[in-house]
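Student: Could you take me through one part of this protein up close? I'd like to look at a sheet and the helices that go with it.

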Amino acid sequence: MSAPTKNQEIVEIDAHLPAGRTDLPPGWLEVNSMDMDAQGVARRPDGKVVFIDGALPGEIVTANVHRKKNNWEAASLTEIHHESSQRVRPGCPNFGLHSGACGGCKMQHLHVAAQVAIKQRVLEDNLWHLGKVKAENIYRPIEGPAWGYRFRARMSVRYVPKKDKVLVGFHERKSRYIADMETCKILPPHVDAMLMPMRALISAMDARETCPQIELACGDEVTALVLRHLEPLSDADLARLRDFAEQHDVQWWLQPKGPDTVKLLDEGGAQLAYALPDFGIHMPFKPTDFTQVNPHINRVLVTRALRLLDAQKTERVIDWFCGLGNFTLPIATQAREVLGIEGSEALVARSEENLLKNQSARGDGAQLAPTQFVARNLFDMTPEMLFADGQADKWLVDPPREGAFALAKALADIHQARIGAEDAPELPESGKQWQPPRRIVYVSCNPATLARDAGLLVHKAGYRCVAAGVVNMFPHTAHVESMAVFELA
């Protein structure tokens, strides 16, 4: 089951958007809300919904329509007649609706506190309108630095012969072209300061036309840059990279083909890693491994998730979509036994390495609980697979944007079979004694798929949604990270 489409979103918006005002001059619109793409949402007097780039809730505006459908229009802001008190001056010169504007951020014109409030509303609206679920409690949002937070980034690189210029950065709004960026305020300051030197570096290279991408990965101590190159690099280019690395204190990795070909330019040096100090965990990783973009928020997120999970020394816990073990290893400091399940065999191997390193680094009195990692396709789960994994007291679920539908459906199928629901699947004998987890902490990067899965858990699997809240992992973007807690009813 996929996430809601644009048309489905419009139906939900239409259900609670006020009628269009008839007392305004022709063409003027009152903006009532903001959608998941950070567009202002208004309604014309004839009932048609208008999505307006650059407009904020509470504003009265005029806009230029550039796309029309039967029941909605897409437009760009042209004039503000009544400005929102939450409108602020963007912190980055690349932000805006102008030609060449960067498409990386969508909300810099809105006060950060208001951004968080809108994301909270998006979460609550999705839970209710898509899942028919209302959380019993709303958590205070998890927030952190609004600037300089993006420790992971994939920057495009392009040599433009007509301008004899190299561009390094993100794509323009709704365009395949790269924005002509000299600065980026969401990158860490030391990386922001490297943008122009990076342009100069690539411009001086023999391979300037065959290096399409630089991927950034910052750890606590190391800044890694992965250079994608389509042809072998000359000795002169390798020397240029080494000079840049020494001057800017970075670590170059080279990627001639796919992600599995990434390797250090020069062996040795410090290892790319981050720490979770609340749990005494140290997490080495490779620059192409998945790690959270915002390390400040990740530390708080892990601490809060584990406090909500409340794993005890007598309990077994399963961490679904465990990745590198970002939650698994901290859970292993608290639980009796932990199972981490992940779709990528490469990440499972890295998790096992991290487990061994952390186990050996801990004193005799602080050993991690017995922990196992397994690779499996988590989008093809069945009740039989859950039975085979054994019973767990609690689950932590941290899926990608697609959500954890198969996992939630397997729980729902088990519950429906046990209550004798019509058309429920028959359970095998092996599952008769199996019991579902008493508590599930679900960390989500897509409120629409969280809402869909929450609907299954609450209405079909016998759970209550006891609490939910947003995590502002990506300030100034429309991306909504959130967390919800479910308990057996």
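Tutor: Sure, let's go through the sheet strand by strand and then turn to the helices. Keep in mind that this is a predicted model, where local features need pLDDT of at least 70, side-chain atom pairs count only at pLDDT 80 or more, and totals for chains, interfaces and linings use all residues. Residues are numbered from 1 along each chain as its sequence is written, and side-chain values use heavy atoms, with hydrogens and water left out.

Helices (H or I, at least four residues) and strands (E, at least two) are DSSP runs, numbered from the N terminus. Two strands pair if DSSP finds at least two bridges between them. Our sheet is an open one of seven strands with mixed pairing, in the order S16-S15-S14-S17-S18-S20-S19. Strands S16 (371-375) and S19 (463-471) stand at the edges, each with a single partner strand, so one side of each has no neighbour in the sheet. On average, neighbouring strands are turned by 15° against each other, direction ignored; axes here are lines fitted to C-alpha atoms, for helices over the stretch in contact, and angles run from 0 to 180 degrees between N-to-C directions.

Now zoom in on S18 (residues 439-444) and S20 (residues 481-488): they pair in the antiparallel sense over six bridges. Serine 444, for one, has serine 482 in S20 as its bridge partner.

What about the helices? Helix H8 (residues 345-361) packs on the sheet, touching S15 (337-342) and S16, where contact means heavy atoms within 4.5 Å. The direction of H8 makes about 165° with that of S16. Helix H11 (residues 447-459) lies across S18, S19 and S20, and runs at about 160° to S18.
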